[in-house]
Amino acid sequence: MKDKKKVSRFEKYLTMEIGIEFKACLYFFGFLFFYCVHRLIFGETEASILHMAEMILTCYGVAYLQVYVFGNCDEADKLGVREYLGFFVCTLIYCLVSFFGNWYAKSISSTLIFGGYILFMYLCVFLIYRIKRKIDDKILNADLKQFQKEHKKVNDSDK
């Protein structure tokens, strides 16, 4: 009989998929923001639905690549060769898709600025997850101490 408290493969898979979904949406929002600001700077007030579809599909594809090939590089504990390689490869993919998808009128300077923006986003996301882990650790340690304190009271009253 299976232990109901043990995490199943399906639950692990589901957790990974939820993380990928969150990651794709996060980057899509950031890219859409950059895209809209770029359009406004150049006097355009309309955005292409085709470009947005390309963005979200690319975000999902790259999110899978980040998780399964580059070990979730933007959520890593520390930055090493694998993480930097992941950032570079993923940024290159985004830039190539944006250039050939004509998101920025095939402007090399706009594409390079977009690439810099992506790298900045990666750094921000990395730092946010690092801070979140530290806060989560504090909360878990406080919960553990509270549990131990309550458990000790129960054990002492049983004696």
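How much space lies in the largest pocket? In this predicted model, the largest pocket holds about 170 Å³. Its lining is made by Phe 22, Leu 26, Phe 29, Gly 30, Tyr 117, Phe 120, Met 121, Cys 124, Val 125, Ile 128, Tyr 129 and Lys 132. Helices α1 and α4 (108–158) each supply at least two of these residues. The most comes from α4, with eight residues. By class, ten lining residues are nonpolar, one is polar and one is charged.

Lys 132, one of the pocket-lining residues, also takes part in a salt bridge. Its side chain meets that of Asp 136, with N and O 2.7 Å apart. The two residues are four apart in helix α4, so about one helical turn separates them. Both partners are partly exposed. Lys 132 has a relative accessible area of 43%, and Asp 136 has 30%.

Five salt bridges are found in the whole structure. Lys 23 pairs with Glu 75, and the closest N and O atoms are 3.1 Å apart. Lys 23 lies in helix α1 and Glu 75 in the loop between α2 and α3, so this bridge ties together parts that are 52 residues apart in sequence. The partners differ in burial. Lys 23 is buried, at 2% relative accessible area, because the cut-off for buried is under 20%. Glu 75 is partly exposed, at 24%. Asp 74 joins Lys 23 and Glu 75 in a network of salt bridges. A further bridge links Arg 39 and Glu 44, at 3.5 Å from N to O. Glu 44 is partly exposed, with 39% relative accessibility.

The surface carries a nonpolar patch of about 790 Å². Phe 10, Tyr 13, Leu 14, Met 16, Ile 18, Tyr 64, Tyr 68 and Val 69 make up this patch. At least two of its residues come from each of α1 (9–41) and α2 (49–68). The largest share, five residues, belongs to α1. Tyr 13 sits in helix α1 and is partly exposed, at 44% relative accessibility.

Two loop residues have positive phi values without being glycine. Asn 72 has a phi near 60° and is placed in the loop between α2 and α3 (81–100). Lys 106 has a phi of about 55°. It is found in the loop between α3 and α4. Lys 106 is partly exposed, with a relative accessible area of 42%.

Note on methods
Residues numbered from 1 in each chain as written. Predicted model: local features only at pLDDT ≥ 70, side-chain atom pairs only at ≥ 80, totals over all residues. Heavy atoms only, no water. Patch = residues over 30% accessible without salt bridge, like charges linked within 9 Å, V, L, I, M, F, W, Y side chains within 5 Å. Areas by Shrake-Rupley, 256 points an atom, 1.4 Å probe, with all protein chains shown as cover. Salt bridge = Lys/Arg side-chain N within 4 Å of Asp/Glu carboxyl O. Buried < 20%, exposed > 50% of the residue type's maximum accessible area, 1.4 Å probe, protein only. 1 Å grid on protein atoms, 1.4 Å probe; cavity = no way out; pocket = protein on both sides within 12 Å on 5 of 7 lines; lining within 4 Å. Points joined across faces, edges and corners; volume = space filled by probe spheres on them. Nonpolar A, V, L, I, M, F, W, Y, C, P; charged D, E, K, R; others polar.
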